[in-house]
Amino acid sequence: MNAVKYGNKKVRTAAIILAGGSGKRMHSDIPKQYMEVCGHPLIYFTLKAFEESIVDDIVLVVNAGDEDMVRAEYVSK
């Protein structure tokens, strides 16, 4: 647990990552969060940053129907 201490009290922190979207403004068939940058999907860099931070819990919000694919392709790796 990475809880931050405020006085004598430990406080848990959470990050909510909004990773839904269609990539329509990017004029792409691939949603922006799944596009590769430097050999990794963009979502990788966000997850890695929070994984290495003091955040205790990460809530990843994705498009409906993408949950299993995101869990298998990005979260588990």
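Q: What area does the protein chain expose, and how much of it do carbon and sulfur atoms supply?
A: In this predicted model, the protein chain exposes about 5,900 Å². Carbon and sulfur atoms supply 55% of that area.

Q: Which residues make a nonpolar patch on the surface?
A: Ile16, Leu18, Val59 and Val61 make a nonpolar surface patch of about 400 Å².

Q: Which strands supply at least two residues each to the nonpolar patch?
A: Those strands are β3, which covers 14-18, and β6, which covers 57-61.

Q: Take Ile16, then. Where is it found, and is it buried or exposed?
A: Ile16 is found in strand β3. Ile16 has a relative accessible area of 63%, and it counts as exposed because that value is over 50%.

Q: Now Gln33. Where does it lie?
A: Gln33 lies in the loop between β3 and β4, the latter being strand 36-37.

Q: Buried or exposed, and why?
A: Gln33 is buried: its relative accessible area is 10%, and a residue is called buried because its value falls under 20%.

Q: What is Gln33 in contact with, leaving aside neighbours within four places in sequence?
A: With those neighbours set aside, Gln33 is in contact with Ala19, Gly20 and Gly21, with Pro41, Leu42 and Ile43, and with Asn63.

Q: Let us go inside. Which residues form the largest nonpolar core?
A: The largest nonpolar core has seven residues, namely Ile17, Ala19, Tyr34, Ile43, Leu47, Val62 and Val70. Two of the residues that Gln33 contacts, Ala19 and Ile43, belong to this core.

Q: And Leu47, what is it in contact with beyond four places in sequence?
A: Leaving aside neighbours within four places, Leu47 is in contact with Ile17, Ile58 and Leu60. Ile17 is also a member of the largest nonpolar core.

Q: How much of the whole chain is buried?
A: Buried residues make up 23% of the 77 residues in the protein chain.

Q: How many helices and strands are there, and in what order do they run?
A: The protein chain has two helices and six strands. Starting at the N terminus, the elements run β-β-β-β-β-α-β-α.

Q: Is the chain spread out or compact, and why?
A: The chain is more spread out than a compact globule, because its radius of gyration is 15 Å, well over the 11 Å that the globule rule gives for 77 residues. Along its principal axes, the C-alpha trace spans about 50 × 25 × 25 Å.

Q: What share of the contacts with a separation of 6 or more joins residues 24 or more positions apart?
A: Such residues account for 55% of those contacts in the protein chain.

Terms used
Residues are numbered from 1 along each chain as its sequence is written. This is a predicted model: local features need pLDDT of at least 70, side-chain atom pairs count only at pLDDT 80 or more; totals for chains, interfaces and linings use all residues. Side-chain values use heavy atoms; hydrogens and water are left out. Patches are made of residues with over 30% relative accessible area and no salt bridge: like charges are joined within 9 Å, nonpolar side chains (Val, Leu, Ile, Met, Phe, Trp, Tyr) within 5 Å. Accessible areas come from the Shrake-Rupley method with a 1.4 Å probe; for residues, only the protein chains shown count as cover. A salt bridge is a side-chain nitrogen of Lys or Arg within 4 Å of a carboxyl oxygen of Asp or Glu. Helices (H or I, at least four residues) and strands (E, at least two) are DSSP runs, numbered from the N terminus. Buried means under 20% relative accessible area, exposed over 50%, partly exposed in between (1.4 Å probe, protein chains only). Contact means heavy atoms within 4.5 Å. A nonpolar core is a set of buried Ala, Val, Leu, Ile, Met, Phe, Trp, Tyr and Cys residues joined through side-chain atoms within 4.5 Å. The radius of gyration is taken over C-alpha atoms; the globule rule is 2.2 Å times the number of residues to the power 0.38.
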